[in-house]
Amino acid sequence: MGKIFIFFFFFSSFAFSFDDDWTKWEKGEIHSKRIHLNPLRFTNRAQCALDSNKPSESIFLMINNVSVAKGLYRFFKMKGGDAEDLTKKGIFTFRSTIINLFSLIHREIMKGRLPLLPSDSTDKKTPFVYKNLMENCRSDTRCLSLDDYIKSIWQNRLKDKKLAWTDIDNFSFKNHFVLESDFENFDQKSEMYCHYLKKFSPLEAHLFGAKPGQDVFNKMGEALTHVDKHLANCFDFNEQKNLKVAAFQIDIPQLNSKKWKKKGFDYWHSIQLYFSWAIRYAPEVSLYAKELTKLFRSILIEDVVLFIPNGCKTLTSPKCDGDYLALSHLRNFTRKEFKKNALNLDILSPLPEGPSKDLLDDETPKVNTDINDLGEFQSAEKWLENFQDNIAQVKQVHKTKILKALTKLNLLYKNLDLNFLKSEIKEAFNFSKSKNTLTEYNLFLKNQLYYLCGEFTLSGHNDFSFIKGLLKILEDSGFINEISKNFVDENIQTYFSFYEKISEIIGHQCNSIDQHAFWDDEFLLKKEGFFQWYLDKVYDGRMLSKISLDLDFYLKYRKPLIVYPQYNVSGNKSDIICASAIFCSRDILKSIVDLYAATEYTNTFWSFENKVKSPALFNPYAERTACRVYDPWFKTKATLFSFFHDVAKASVSAVAPAAIFASATLKEGRVVSFKQLVNEGKIVYDVNYKKEKIQAGLFADFGPLLGVPCMISLAKFPLIRPSFFHFKGIQVGACSTKNSYDLNVQSASRDQNNDSNTKSACLSCSINFESVATTASYFTPYLGSVFFFIRGIVRLYRGLKDPLNIPRSWETRHQDVLDAYRKYGEISKSCSRKLRKLKSCLKNSCEEDLAKVLHLKKIEGQISSILIDGDESFVKMTPLDKVYSFSCSEIEKTLKPLE
Amino acid sequence: MISLKIFLLFFAQIFSTFAWDLDFEISENYLQELKISCSDRDSEFCYQSCDDEFFCSIEVPFCQNCLGNSFLMTAIFSEIGRFYKSSEELLELSDVASLLREKKFIILTSHIFYNIFDSTDFNSTTEKFQSLCREDEFREYTLVFWEYDSLELGDGLFVFCKGQFFKIEKSYDVILNL
């Protein structure tokens, strides 16, 4: 009887489920498309740092078409017709051209019809012709021969591969082409997913946090049920409301991660080069752009398009060089409060420390916590608009600075006679000396001469100036010559030599007087008369320059020396080129400093390589890892440098306010000097620089030091003693009486209070790591394994006592999250644990397998209800409730639609 | 000899002012076209420019990388009329014709689509362009011809002011108050 009951119970329950127990997945709105996005990869800080050396499988393609829109509007105004409407259509044509072209290049590479161009041309497998080209193309000038090379590849791609490629270069199929084995699933080889990004949301949860928990998955689930609010089809222009900017997400699916690690960087490098070339020359562009093809070819495309890696992985293998650091600096422009804080940024300072400053100021920045303020904006477009607007504004500041500097140098070079300048300055010294009484004008003049001598000594001392080395780099850089080509007649070397001649004249004049007598104890220095660059460097930016007041004062007594012809009519100060021999000389130096300042951040704004930029916006550890400021494996192999140094020699500057250097040697064997690194070949540099030049540059920068610059400032006079140089780092102070030096070592102290009653002179020696870093960051492409960020390492050591520094990562598929969310209505803790291990959490192996097969077979729609019954299972799919039958044991083979 | 040249230039100027005209437009095919109409008297200018005695339609190249925020384009649009000035030197029509024939030039106006530096509503560059011509000679959109060879922008060539072409040159004029 009991057995009968049990049998009856099982039979009846089975029959019940067979009749009407379709499991409904009802949570959220029903939408038709499956989620075509690559899995999200969440990482903590250390893993993010490690990931910077892995090529990304997903990017944000950012388009800023403000200038394109302006151009289109003017174009259609000239042509006639409804300019506004035509412009709007033109913008969409432009965007679709970009996406189509990207897609075409991707397809051609993936199908093996375009070779991969190696991102590291020093690799021995690099095709010979390409290697030769890259060695001869400077990064700061356009490389037309590369255009020709790509043209021959492009034309060749439709011919018989094996015969044709060897005519162009020694490409190897194994290394320089994408193969079937590079994919997990060969069927999806040439696919790419493209979405228009409406809003940053939990769909990009990996940019907002590290380890994803239950809360994150529920938010993701909610966002995925309304996916149309966040993503749209790339070509659905009705969804693209913002005409200024557009952000797209492009994912490459089904890559074999091991193979991709080897070829990924080459893939992105190739995409960037082919893309820049193709939009200008490829005949296929006319298929997309139609009648606007010629107009689009005139666009400076590298100004308009950015490829940004989506997450911690990168598109370019990070390098510790000036170009990479300058590009990484773009991250600062994403901040919502950028404009408020812009003036405090190094990039806008009169004498910037360079892109390495970011690394020094913050060695362990936050990561994966919305570091780019994505969540602060209503839409992805608004975020991008802010980002691009900030870039445009700062670039404008730099351009104006360069324009003014070059114009002034150009005019003064052609019109200022050096003999006249010499006699005028001599005359100014004589005039000032001859006056016993301190008249208002004489005080002014004494201050002017003080500024002149101070600024020129700081910049031009033959052996000791620390900025001389930097300015020398400006002289060697091709950047200014390249951008000013056809604007000014002379090149930067000519202007630099002009400045050096003036520097020599001023140096001679300033040294030939008895300075102590000339600027005696009665002399009161008005520091605000210096240029801002000097105040920032010497007085740590604690005051603002009021040099324009000096000009007003001067004009009360004298006529300006050199003016534009219109000055005689307008009387405007803007028509004055320079007011006196002293002003003119200082203006020339200021112009050189301005050009240097613009050169520091060249790669942030300018592109000469015909290669779309790809800054690692979401991974501040890319450059920190490359520069060894942050070491993801630090805990196991950290090494701290220890220092001991002593002042071995002191030189005395001729001019009181300026810096002098003395040699301080580190204890033998403790620290490897830069010079030694160069000699040993550990600093690899741009092939266009000669080794001797680098050594000379380093020597110029460091004076007689063996690798570490040690600055000594001398203060003789009570009134001008305070605050000469304040450099971060370890300091040694040495104060002396008149006859003997009494060393007073103060470790890690910035300000030294010397007993003014007994000491009449003080020396302080600062090991200035910043200037090493700044200078070193110029010698592209690589800096070696040791980068002297001592301070950074010490701070890092303190900062590393947290779990963020043990590398960890988690991966999740969007579709799995959506399936779980729709099935259960809420994602549980245990489900979260599975989801972040790239597993489904449907708790039913048949359902899990079904979900995989639906994805694999590209069956569109979402599961709306499901009936599992072994060999007779059914699934209904949105939006039309189309029913498929399948057998749980062999889903892939048996899945078919019911008639 | 010099006075003879001035006389000839003056003579040429009087006649050329009314004899032929020049227009610049975007065609139906989205191309930039420079159109020159010549009368019998000046047919040689047209003939030298395009082998037709009465009408030339010269396709003006699109300048690569000129639609963008480059330094040189910024410099040109901000310094036109001050650093880039028109000289007093009137160009011979035959010289102009041979330059047009080579097609190694682009045309800049204050309203050209390369000018992304002004807002589209207010154009501060117009006056700068107009200052290249004498007041009685400028037209609404002053045409400036700029060298463009091997995909690179070169120096300013000449400006068209009411039937005359004046050379564009860089100005280093200053006054020294010694």
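How many residue pairs are in polar contact across the interface of chain B and chain A? Keep that in mind while you load the structure, which is a predicted model, and color it by chain.

**Stop 1: chain A as a whole**

Select chain A first. Its secondary structure comes to 37 helices and 21 strands. Of its 899 residues, 59% count as buried. If you draw a contact map for chain A, take the contacts between residues at least 6 apart in sequence: 76% of them join residues at least 24 apart.

**Stop 2: helix α34 of chain A**

Now select residues 814-824 of chain A, which form helix α34. Ten of its eleven residues are buried, so the helix is largely enclosed by the rest of the structure. To see them, show the side chains of H814(A), Q815(A), D816(A), V817(A), L818(A), D819(A), A820(A), Y821(A), R822(A) and K823(A).

What covers these buried residues? Add β2 (40-43), α9 (214-225) and β17 (809-812) of chain A, which are among the covering elements. Then add α35 (829-835), α36 (845-856) and β18 (863-867) of chain A, which also belong to the cover. Before you leave, click on G825(A): just after α34(A), this glycine takes a positive phi of about 85°.

**Stop 3: the interface**

Next, select the residues of each chain that touch the other. You should pick up 51 residues of chain B in contact with 51 residues of chain A. The area buried between the two chains is about 4800 Å², and carbon and sulfur atoms give 59% of that area. On the chain B side, highlight Y30(B), F71(B) and Y172(B): these residues lose the most area to chain A, together 17% of what that side buries.

Here is the number from the opening: the interface has 22 residue pairs in polar contact, with both residues at pLDDT 80 or more. The count of salt bridges between chain B and chain A is four. For a salt bridge to zoom in on, pick K294(A) and E59(B), whose closest N and O atoms are 2.9 Å apart.

Which elements of chain B should you color on this side? β1, α3 (71-79), β7 (152-161) and β9 (175-176) each supply at least two residues of the side that touches chain A. Of the elements of chain B, α3(B) gives the most to this side, with six residues. Color the side by residue type and it divides into 25 nonpolar, 17 polar and nine charged residues.

**Stop 4: helix α2 of chain B**

Move on to residues 43-50 of chain B, helix α2, where S43(B), F45(B), C46(B) and S49(B) are buried. Look down the helix axis: the buried residues fall within an arc of 160°, so they line one face of α2(B). Now show what they pack against in chain B: β1 (20-26), β2 (32-38), β3 (55-60), α4 (93-102) and β8 (164-170).

**Stop 5: two positive phi angles**

α2(B) is followed by D51(B), which lies in the loop between α2 and β3 of chain B. D51(B) has a positive phi of about 70° although it is not a glycine.

Finish at N65(B), found in the loop between β3 and α3 of chain B. N65(B) also is not a glycine, and has a positive phi of about 70°. Buried or partly exposed: where does each residue fall? D51(B) is partly exposed, with a relative accessible area of 46%, whereas N65(B) is buried, at 12%.

How values were computed:
Residues numbered from 1 in each chain as written. Chains lettered and ligands numbered in written order. Heavy atoms only, no water. Buried < 20%, exposed > 50% of the residue type's maximum accessible area, 1.4 Å probe, protein only. Helix = DSSP H or I, 4+ residues; strand = E, 2+ residues; numbered from the N terminus. Arc of directions from axis to C-beta. Contact = heavy atoms within 4.5 Å. Buried area = accessible area lost by both parts, 1.4 Å probe. Salt bridge = Lys/Arg side-chain N within 4 Å of Asp/Glu carboxyl O. Polar contact = N/O pair within 3.5 Å; in protein donor to acceptor, adjacent residues only side chain to side chain. Nonpolar A, V, L, I, M, F, W, Y, C, P; charged D, E, K, R; others polar.
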